[in-house]
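Visitor: Could you take me slowly through a single part of this structure, and then follow its surroundings as far as they lead?

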Amino acid sequence: MRGAFPSEAEPTRASAARRQSGRVLGGPWLLTGHDGRLTVYVHQEGEVLRWTEEATGSGRWAGPDAVSATGITHLTVVQGRNRYAHILGRRERPHGEDRSAVDIMHATQFQTGRPVTAWRSLGNPSKDVGQGAEAGAPAAAVTPDGALHVCVPTGLGGLALRREDKRGQWEAWRKLPAAGVTDRPAPAVTSSGLVEVLVPTRTGALHLCQQEPAGPLVPGYEVGAVPLPGSVTSLETAPGRLTYYLTDVRGGGVAAFRAGHWPVPLGGEPGDGAISAVRTMLDGLDCTVLAFRGAGGTLTLGACATEGEQAGVWWTDTGMRCAGDPSLAVDGAGRMGVAVIGQDGRPAVARQVDGQGLALSDWRRI
């Protein structure tokens, strides 16, 4: 229930020893709040750890605060234009002998540094426990009116959606027109309120889109690329237009896809993880910055003029060794930040240096 913060969901301050005691399962996720402060989320066994910037651009962090995440095997954190942080996870619970019941869990943080709501179960697309155990990791996007849309791969290569309506009430799970799904989909929303989903499949990728807000998701354009599972991300690069960035397994580098156009190869040498993308100003120009963990285990950044990929992407290996996927965000002062998990298991954050293009500050472990 919105506005209620039961004690079992409230973050509690974790000791420095405790924050490194669990195995990191996902993250980091770097988000910007209403007040411009950054927040870092990391999923480790049994809990979600959260660090909050003390003041915008200060580089000083409070935390970690810990939110219980018992049984959560996969987790993601997404944010809409209202800046609420939605935490979604796939939970497993014992169900009889050698069986597990799986449901999709959701919690919300409404303001920077404030408590998180209690976990709420969104159920499972399948009512059969055995088939429901095949449900994959959730992915989500938030429409401009604050409605959350949650996509989940199902058994036998299917895909299901559960979404809030305009009154904030949850609709039932519904099947989407997709087959051969191999990985977590990449849902996204335009500023005009249209939802799109790029779905990795056995034969390539499927593009689903809405023709009108709150309408059904229907097959859209041919993608023309085969995304590496888990690599896809999206970014609104013009009003009402999304660009998807992915690792194309046929060429091994990054590719950019916009509906109605063939993908553009961008080069780079990404590893096996996700690409992160953000728009920011570099030397007075509207640019898109990409980040990934390279094949050699170090963070790579790339930059190009927004929707100007054909002119080339400037790639740079930062030399920062990291585990997992990097995350990008722009703080309230307009400076881009990047968060990674260092090889010591601790999150680290660096920021764009004012007036020096894509140059980063020293890394600060938190």
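**A cavity and its surroundings**

Guide: The largest cavity has a volume of about 70 Å³, where a cavity is a set of points on a 1 Å grid over the protein atoms alone at which a 1.4 Å probe fits but cannot get out, and a volume is the space filled by probe spheres set on the points. This is a predicted model, in which local features need pLDDT of at least 70 and side-chain atom pairs count only at pLDDT 80 or more, while totals for chains, interfaces and linings use all residues. Residues are numbered from 1 along each chain as its sequence is written, and side-chain values use heavy atoms, with hydrogens and water left out.

A search of the whole structure finds two cavities of 30 Å³ or more. The largest is lined by 13 residues, of which G33, Q79, R83, Q109 and T112 are the closest to its centre; a lining residue has an atom within 4 Å of a point. By class, four of the lining residues are nonpolar, eight are polar and one is charged, with Gly counted among the polar ones. Two elements, β2 and β3 (38-44), give two or more residues each to this lining, and such strands are DSSP runs of E, at least two residues long, numbered from the N terminus.

Let us stay with R83 for a moment. R83 sits in the loop between β6 (72-79) and β7 (85-94), and its phi is positive, about 75°, although R83 is not a glycine. Most residues other than glycine have a negative phi, and most peptide bonds are trans. With a relative accessibility of 35%, R83 counts as partly exposed, a class that lies between buried (under 20% relative accessible area) and exposed (over 50%), with a 1.4 Å probe and protein chains only.

A214 can be set beside R83, since A214 also has a positive phi, of about 70°, without being a glycine. A214 is located in the loop between β16 and β17, and its relative accessible area of 57% makes A214 exposed.

We can now return to β2, one of the elements that line the cavity. Strand β2 covers residues 24-32 and contains P28, which is joined to G27 by a cis peptide bond with an omega of about 5°. Another cis peptide bond links G63 to P64, with an omega of about 10°, and P64 has its place in strand β5, residues 61-68.

Technical notes:
Helix = DSSP H or I, 4+ residues; strand = E, 2+ residues; numbered from the N terminus. 1 Å grid on protein atoms, 1.4 Å probe; cavity = no way out; pocket = protein on both sides within 12 Å on 5 of 7 lines; lining within 4 Å.
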